[in-house]
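Student: I'd like to go through the interfaces in this one. Can you take me through it as we look?

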Amino acid sequence: MSKHILSVDQFKDEDIFDLFNRTDDMLLNGSSYSSLRGKIVGMLFLEPSTRTMSSFAAAVKRLGGDTIGWSGTSHMSMAKGESLEDTIKTMSQYVDIIVLRHSEKGASARAAAVSDVPIINAGDGDGEHPTQALLDLYTIADERNTDKNRHILDQPTTPLTHRDIDGLKILFFGDNKYARTVNSLKKLLGFFEGISMMEENLYFEPESFTGENGGEPIVKQEWDKENFIINLSQADVVYITRLQKERWPTGWHCFSNSASANHYAKYKHINKYIAFNASDLKWLKKDAIILHPLPRTDEMNPEVDSDKRCKIWRQAKNGMFLRMALLKSLLS
Amino acid sequence: MSKHILSVDQFKDEDIFDLFNRTDDMLLNGSSYSSLRGKIVGMLFLEPSTRTMSSFAAAVKRLGGDTIGWSGTSHMSMAKGESLEDTIKTMSQYVDIIVLRHSEKGASARAAAVSDVPIINAGDGDGEHPTQALLDLYTIADERNTDKNRHILDQPTTPLTHRDIDGLKILFFGDNKYARTVNSLKKLLGFFEGISMMEENLYFEPESFTGENGGEPIVKQEWDKENFIINLSQADVVYITRLQKERWPTGWHCFSNSASANHYAKYKHINKYIAFNASDLKWLKKDAIILHPLPRTDEMNPEVDSDKRCKIWRQAKNGMFLRMALLKSLLS
Amino acid sequence: MSKHILSVDQFKDEDIFDLFNRTDDMLLNGSSYSSLRGKIVGMLFLEPSTRTMSSFAAAVKRLGGDTIGWSGTSHMSMAKGESLEDTIKTMSQYVDIIVLRHSEKGASARAAAVSDVPIINAGDGDGEHPTQALLDLYTIADERNTDKNRHILDQPTTPLTHRDIDGLKILFFGDNKYARTVNSLKKLLGFFEGISMMEENLYFEPESFTGENGGEPIVKQEWDKENFIINLSQADVVYITRLQKERWPTGWHCFSNSASANHYAKYKHINKYIAFNASDLKWLKKDAIILHPLPRTDEMNPEVDSDKRCKIWRQAKNGMFLRMALLKSLLS
């Protein structure tokens, strides 16, 4: 593994499964380690985030390390006009590693170019989010592994291998254009054999909100129900994502724009019927699983959570353990 | 004690005094404990707070634990449309316990319904704030206890009992309608015998700001000075609260509304004369005490602080020790 | 040293060099200390800051301590109308020391007057920023010390003395009127002998933006290029600061005012040519050094960083070690 974690491209097969074995170890024995004692992790979340930030912070602290940093940009040196490069260069004087979330694609590469310490890309615009893709893949492999006692016994587990991923049929359901987690996971799956990727794309068209249509929104659905049911019945994994409104181009409905937010409020009922609902579960294979990187809004009904194939909370928890494994291997 | 700490209703007598004994122990020996080593507390302060947040955070860290979380909602997953339930369910994958402050009554019960870890209600709207009520009661019992060396000697203390609370005469002075600390403390005092509760209510009427009265505010004072002096001279405890402007119904003067804030700025001189001032101290019994959950604005003059009957800072400090005791008993 | 750290005025010669020796020790052995184990530092950054906040937080955590606190004022008790004095008095019930950044001159003295624990002034308006001045002076003395192995060998170093500072020629380049770091450093240098202080002042005149000049800004430059070159060629230290737009009087261009920010955006090209550029380096003495308290905007070109005389990142790192030394001596 290289010094920085910027993209899934830099991971080779053996890196992936080594990391997965270390993640297994964290699940089984993590609470007994103090591998980050005396280490300080700089957490720079310059774009809104809570999940990834909380997951990394918990990972650091469960290993006995500590964090400094901040969330948002409004009260910061950056508000005084400081460049990202200067912010990173300065922070790298104080800490042992930096976890960076940024709204611009490529920001983590710019950071890595000047930093004196390793950079972990925790999401850069509609670019990549490598640790999310890795935890998604870990969850997939973990759930497909045939040894169902892997995590229950506190002893050497059946290691995850190619066998647990090859041949996977995955259905991406949601905003597959702007969700960086989808981008990164697709790249990562590209390393494996016999992977089938299917898509159901949900989005609004920009015309919907420009008045060209007399003010009435057009909901584009790149699906027909029959095809969706066929896809669903074949999928090993259904990977659901929300509409990434904050990443839509200017002129589209943008969540951070209050006028557009009103538009959204007005028309949000329209995509209710395209949400993934409990009634869709009957088409799903018995051993399929449902994943979602979270947060969720209208695209997945919480009534689905009670189905045992829904693994979204386990997926979140796995993320913390995988990040523990990654931090431990980078810092010790 | 139940798993979650949502309301003072759930505390029985023996729970209260057990917690008070543990609080004594924290005051005497707390710094020698590392009971929360390796534990992570999720601090979700979705409504503005600093005092309760700081008090809990200090409590966690004095016991060797650590915190993750955030304050406010603007930069968060919740701004992307996530439900409280999903936020709690996710956070509960990462942490050992969650401390929740929220602007809506009942939010902590909603959280407890989905959380995988215990929830501590750190204030929900104009609902409850159980740890504040408990620390208020601890301070009252502590100050009324006749053994004045309780805290000075580092050895077994005289435990607090019913005797230190029964028969209490307490005067609530301030916004008794919207201060949740008053709600919770009154409930808690309801478990004891011979309690006299008196009230002096300070508030603005909504008509004041709707123009129905020609633009002139009416300050409603449910008091007459003579009655106030009689109450004051009988009280063992004067419990002062500020005007909870942020909890007033829509249409009332609301602190978060800038137009209304101007109104408040314009008319705030009007309640100057109803503040509790040093000149009121002469009516107070020699062994009475003055408490205030803080923050304070105009309702209590800082000149009162230098009187030895003013225990507001000790009250704040007690809060940290009581929260240490509570966290230790929930987590170890 | 007094209990509080409010101003460089309170430091005597022996205090300064004692602190510098302790800073040397932190550089060499700091990571092996746990001097702040069990200590909690209250970080109240009521004015935007990231650098100083991060530096102090890293210092605390590298010594095994922990922090509580917050940044900004919008979501806080202070937004409910609480006074600085009450905020400090309360926080001092929970923590062992308070680090305070505030937008008003004299705020740290007000805090010290009521606090139950020591206050460290981390910058108050255009007043002082004593730890910044001390770290600047440390960096100057460290770089001028003739024993170039001071930091390389993990053994007793050549202690810094008056000899490393006396006779210094320093050129202040930037906003010397409003930069509090310049104020504090000048005061501190006043304790030494044979110091030459030169100035190049960069600022906008208020008339520039009041329309008195037909809307055209006047850039006042108190310099002529020839004089600048002479100063530069004599300086041992060039101390660069950015235009402190957030401290300009009302009526001047103010960064926090969006109308003025537009003005700034419109006219910022004007001070491009007064920035310190790589082409200026040829006038600089071979053993001179360039310092900058950061953050930087247009007044110093990043192309300067690659010159070995640029010590701005080392200066930042020294700051963390000096703050470790200060905290250790105050708290243990």
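Student: How many residue pairs are in polar contact across the interface of domain 1 and domain 2 of chain A?
Tutor: The rule finds 13 such pairs across that interface, both residues being at pLDDT 80 or more; a polar contact is a pair of N or O atoms within 3.5 Å, where within protein one must be able to donate a hydrogen and the other to accept it, and residues adjacent in sequence count only if both atoms are side-chain atoms. This is a predicted model, in which local features need pLDDT of at least 70 and side-chain atom pairs count only at pLDDT 80 or more, while totals for chains, interfaces and linings use all residues. Residues are numbered from 1 along each chain as its sequence is written, chains are lettered from A and ligands numbered from 1 in the order in which they are written, and side-chain values use heavy atoms, with hydrogens and water left out.

Student: Which elements supply the domain 1 side?
Tutor: In chain A, helices H1 (13–29), H2 (51–62) and H9 (312–331) and strands S3 (97–102) and S4 (119–124) each supply at least two residues of the side that touches domain 2, with helices (H or I, at least four residues) and strands (E, at least two) taken as DSSP runs numbered from the N terminus. The largest share, 11 residues, comes from H1(A).

Student: And where are the domain bounds?
Tutor: Domain 1 of chain A covers 8–128 + 318–331 and domain 2 covers 130–315, as given by an automatic or database domain assignment.

Student: How many residues are in contact there, and how much area is buried?
Tutor: On the domain 1 side of chain A 32 residues are in contact with 36 residues of domain 2, contact meaning heavy atoms within 4.5 Å. The two domains bury about 2,900 Å² between them, 59% of it on carbon and sulfur atoms, where buried area is the accessible area (1.4 Å probe) that two parts lose on being put together, summed over both.

Student: What about salt bridges between the two domains?
Tutor: The rule finds three across that interface, a salt bridge being a side-chain nitrogen of Lys or Arg within 4 Å of a carboxyl oxygen of Asp or Glu. Separately, the side chains of Arg180(A) and Glu47(A) meet in a salt bridge at 3.2 Å, N to O.

Student: Switching topic: what does chain C do against chain A?
Tutor: There, 27 residues of chain C are in contact with 22 residues of chain A, and the two chains bury about 2,300 Å² between them, 54% of it on carbon and sulfur atoms. Thr50(C), Arg62(C) and Trp313(C) lose the most area to chain A, together 25% of what the chain C side buries.

Student: Which polar and charged pairs turn up?
Tutor: Across the interface of chain C and chain A the rule finds four salt bridges and seven residue pairs in polar contact. Helices H2 (51–62) and H9 (312–331) of chain C each supply at least two residues of the side that touches chain A, and the largest share, eight residues, comes from H2(C).

Student: And chain C against chain B, which elements are used?
Tutor: Asp86(C) forms a salt bridge with Arg296(B), the closest N and O atoms being 2.6 Å apart. The elements of chain C that give two or more residues to the side touching chain B are strand S2 (66–71) and helix H3 (84–94), and H3(C) gives the most, with six residues.
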